[in-house]
Amino acid sequence: MATTETKVAGSGSTAGLSWARVCKECGQQHEGLDCHLYEYQDEVDDELVCHICLQPLLRPMDTPCGHTYCFHCLSNFLKEQDFCPVDRLRLQLHQCRPSSLLVRNLLDKLTVMCPHSAECQQQMQRCELQPHLHNRCPVFRRLREEAEKRKRPSWNELKGRKGDVESSGDAKHSTTQSRNPTRDQPEPGLINPAFEESEEDNTPLRSSLVAESIVVELFREEPKEELGLRIVGGKDTPLGNIVIQEIVRDSLAARDGRLAPGDHILEVNDVSLASVPHARAISVLRQPSLLRLTVMQEKGFKTRDPRSDHHASSCITSTASQPSHSPHVNATSNHNPGTVLQVTLMKSLRTEPLGIKLIRKSEESGVFILDLLSGGLAAKDGKLRNNDKVLAINGHDLRHGTPESAAQIIQASEVRVNFVVMRPADAQEEGGSREGQHSRANRRPELQYFRRRSTYMKDPPGGFSSQEKTVSLKKEPRLSLGITIAGGRDCRSRLPVYITSVQPVGCLHRDGTIKRGDVLLSINGVDLTQLTYNEAVSVLKTQTAQSQVALRVIQTLSEDSGEDAEAASKDELDAADDPRDDALNWTPLWTRWLGLPSPMHWCRDIVLQKTNNESWGFSIVGGYEESHGQQPFFIKTIVPGTPAHFDGRLNCGDEIVAVNGATTVGMNNASLIPMLKLQKNKVTLTVVSWPGSLA
């Protein structure tokens with residue numbers, strides 16, 4: 001047996017602690033890449049101790065030769081050596097596997113003391129320490145509150161905050177500029193309505209954009225496990241940067257909780273993604289085992305208004321301190337997708353329940369209110385309603401959150417709980433009626449409003465094109481074509497029907513013309529481009545029963561040149577042949593969709609509304625440039641705490657084809673900026689959205 005102590009002396013003292021330096025998982029102060037530190041209260045069996053750090057195992061990994069180490073210790077050791085530390089047999093990290101569930105459970109049940117024992121003497125199982133720190137530890141809560149007082153206003157606070165000292169804001173502005181020098185000289189073709197200054201006298205001054213770089217480590221316990229990131233961008237696209245479009249629910253990245261849509265991935269395992277093609281970036285992100293991601297996260301912009309008398313507790317979407325019944329909020333009640341509201345609930349005791357049941361929905365990410373318990377605080381307040389979508393609680397973004405994370409935030413709150421919710425438009429119209437009995441799925445507006453065939457004719461981005469291919473063949477009536485398909489206009493992204501595999505036993509494989517990823521146009525003259533999945537399957541079965549088949553498909557092309565083209569082509573093949581892909585879940589890379597002609601696009605109208613002179617909250621890259629010609633406009637960044645962010649339907653990588661019904665084709669920066677700035681309270685964006693590449 002071994003007696004194990006923490007590696008930090010005097011950790012019970014809270015002197016010198018700061019929120020920035022304390023680890024959010026173990027509560028100790030240590031370097032970001034070092035192992036977590038715990039104060040164990042009992043002797044620990046030698047079999048549960050790492051042979052490298054001589055501490056109880058953290059994320060234990062078993063080697064083929066029968067030894068067990070902390071994942072972090074072993075991965076760092078194998079960066080310098082290629083053998084097992086105990087028996088010196090040849091070893092690589094990908095040969096190791098996580099220890100059994102029994103071993104991990106034994107480690108989780110080890111008793112530890114709260115690291116802030118000077119003020120908090122609680123003991124608990126090791127697996128319970130992190131929830132204790134975030135929900136119950138008074139020292140941890142005090143450090144967090146002190147940090148929040150010093151930092152910028154939370155995303156759901158009013159932007160027009162009165163500045164304390166003029167020079168203070170200027171100093172912060174210069175500091176931010178020094179950390180982010182590229183903000184002074186935007187890229188060519190970059191339209192950034194989120195940061196354009198208004199000429200009106202009452203517009204809040206945007207003193208600084210808050211962004212930070214963080215390092216996130218993700219470990220695939222199985223080589224085939226997906227991170228759960230949908231990725232857009234790349235140097236071969238107008239976006240340039242590699243940007244996270246979406247976090248897949250219940251995935252590795254979603255469980256980790258630190259990455260968010262809109263994050264820019266700068267490096268992966270010290271490999272820069274600043275100037276790599278899209279396919280190369282996906283190949284890097286699909287590496288097995290440990291991934292160390294350096295990402296840039298925009299936190300919104302801090303503002304000050306020396307002329308303003310507003311206090312800092314108002315909602316960012318309204319200039320009233322009680323938006324649930326302010327005229328500003330009522331003015332947006334005819335917003336078709338819904339209205340963003342702020343509701344504050346005051347508990348008489350910190351432990352008082354709110355009486356809210358929260359759920360997730362299968363058809364939409366995020367957290368929704370299922371029911372308000374009769375007699376509960378929320379029901380008595382009367383401002384929250386069934387089916388409201390919870391966008392944020394106490395400044396924590398929950399657009400892609402879970403009911404469990406929302407419940408943790410509520411439990412950790414003091415007496416005040418601030419909700420930012422989106423209410424469906426028809427729920428507004430029904431007022432206080434029994435809208436809770438109708439689910440959002442049953443009240444979905446006409447599909448044609450959200451998704452329809454595009455009538456805006458335009459060229460693909462530079463470097464992308466397409467070509468049609470036709471295969472005519474004679475076959476036995478019972479002989480299969482040997483293809484599997486996916487997509488259809490009834491799927492989430494309203495994709496055209498595309499080929500996911502060409503089986504080696506079918507007649508199309510022998511011909512060799514049809515490839516995986518080709519989009520189906522027609523078979524024997526029957527149009528397939530606007531069909532649902534089931535309709536396409538039915539037509540294909542009917543037509544392939546004939547002895548003569550003529551199949552038309554379209555293939556998208558990328559026109560890179562030289563070594564970049566060769567490397568990108570190899571990476572795209574590597575990504576396409578990834579062992580995790582199969583005919584059932586394979587999807588083309590995001591760049592494959594960019595070359596499709598306009599008639600293959602489906603677009604939707606997104607109406608954004610605001611109640612003051614704040615920005616719309618998104619930046620755009622593209623437009624006409626002499627050096628690049630005409631490029632489509634793509635959304636590159638969505639700024640937290642803005643109308644575009646709270647609306648939740650715009651994604652990084654979406655292509656804007658029209659503004660208020662006017663096509664953007666042929667526009668340059670000087671044309672589109674005034675058009676967006678002229679829309680004071682409402683703008684309708686017509687966008688085409690393709691799903692990002694899955695990593």
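How many aromatic pairs does a search of the whole structure find? The search finds six, and they are described here for a predicted model. Beyond the rings, this briefing follows two open three-stranded sheets, one in the order β3-β2-β4 and one in the order β1-β5-β6, and then turns to strands further along the chain, including β23, whose eight residues are buried, and β32, which holds Leu-685.

**Aromatic pairs and charges over rings**

- Among the six aromatic pairs, Tyr-38 and Tyr-40 form one that is tilted, with 6.0 Å from centre to centre and 55° between the planes; both of these tyrosines are buried.
- Phe-77 and Phe-83 form an aromatic pair of the edge-to-face kind, with their centres 5.6 Å apart and their planes at 80°.
- The two members of that pair fall into separate accessibility classes, because Phe-77, at 23% relative accessibility, counts as partly exposed, whereas Phe-83, with a relative accessible area of 13%, is buried; the cut-off that matters here is 20%, under which a residue is called buried.
- Phe-83 also has a charged neighbour, since Arg-88 lies over the face of its ring at 4.2 Å from the ring centre.
- An arrangement of this kind is found at Trp-616 as well, where Lys-610 lies over the face of the ring, 4.4 Å from its centre.
- Tyr-498, Trp-593 and Trp-690 are linked by ring pairs into a cluster.

**The sheet β3-β2-β4 and the annotated span**

- Three strands make up this open sheet, in the order β3-β2-β4, and their pairing is antiparallel.
- β3 (68-70) and β4 (97-98) stand at the edges and each has a single partner strand, so one side of each is left without a neighbour in the sheet.
- Strand β2 (residues 60-62) is joined to β4 by two bridges, the two strands running antiparallel, and within this pairing the bridge partner of Asp-62 is Arg-97 of β4.
- Helix α1 (residues 71-80) lies across β2 and β3, and the helix runs at about 95° to β3.
- According to the UniProt annotation, which belongs to an unreviewed entry, residues 50-88 are covered by "domain: RING-type"; in the model this span is 26% helix and 15% strand, and its end C-alpha atoms lie 16 Å apart.

**The sheet β1-β5-β6**

- This second open sheet also consists of three strands, in the order β1-β5-β6, with antiparallel pairing.
- The edge positions are taken by β1 (39-40) and β6 (123-125), each of which has a single partner strand, so that one side of each is left without a neighbour in the sheet.
- β1 is joined by two bridges to strand β5 (residues 111-113), and these strands run antiparallel.
- Tyr-40, a member of the tilted aromatic pair with Tyr-38, takes part in this pairing, with Val-112 in β5 as its bridge partner.

**Antiparallel pairings further along the chain**

- Strand β16 (residues 367-372) is joined by four bridges to strand β15 (residues 356-359), running antiparallel to it, and Phe-368 in β16 stands opposite Ile-359.
- β16 also pairs with strand β17 (residues 389-393) in the antiparallel sense over two bridges, where Val-390 in β17 is the bridge partner of Val-367.
- Strand β22 (residues 483-488) and β23 run antiparallel and are joined by five bridges; together they form a hairpin with six residues between them, and Arg-494 in the turn has a positive phi of about 55°.
- Within this hairpin Ala-486 stands opposite Tyr-498 of β23, the tyrosine that ring pairs link into a cluster with Trp-593 and Trp-690.
- Eight of the eight residues of strand β23 (residues 495-502) are buried, so the strand is largely enclosed by the rest of the structure.

**The surroundings of Leu-685**

- Leu-685 lies in strand β32 (residues 682-688) and is buried, with a relative accessible area of 0%.
- Leaving aside residues up to four places away in sequence, Leu-685 touches Arg-604, Asp-605, Ile-606, Leu-608, Phe-618, Leu-650, Ile-656, Ala-658, Val-659 and Leu-676.
- Gly-661 is 24 residues from Leu-685 in sequence, and the C-alpha atoms of these two residues are 7.9 Å apart in space.

Key:
Residues numbered from 1 in each chain as written. Predicted model: local features only at pLDDT ≥ 70, side-chain atom pairs only at ≥ 80, totals over all residues. Heavy atoms only, no water. Buried < 20%, exposed > 50% of the residue type's maximum accessible area, 1.4 Å probe, protein only. Contact = heavy atoms within 4.5 Å. Phe/Tyr/Trp six-rings, centres within 6.5 Å; stacked < 30°, edge-to-face > 60°. Lys NZ or Arg CZ within 6 Å of the ring centre and 35° of its normal. Pairing = 2+ DSSP bridges. Axes fitted to C-alpha atoms, helices over the stretch in contact; angles between N-to-C directions. UniProt positions renumbered as here; feature names shortened; annotations may be inferred.
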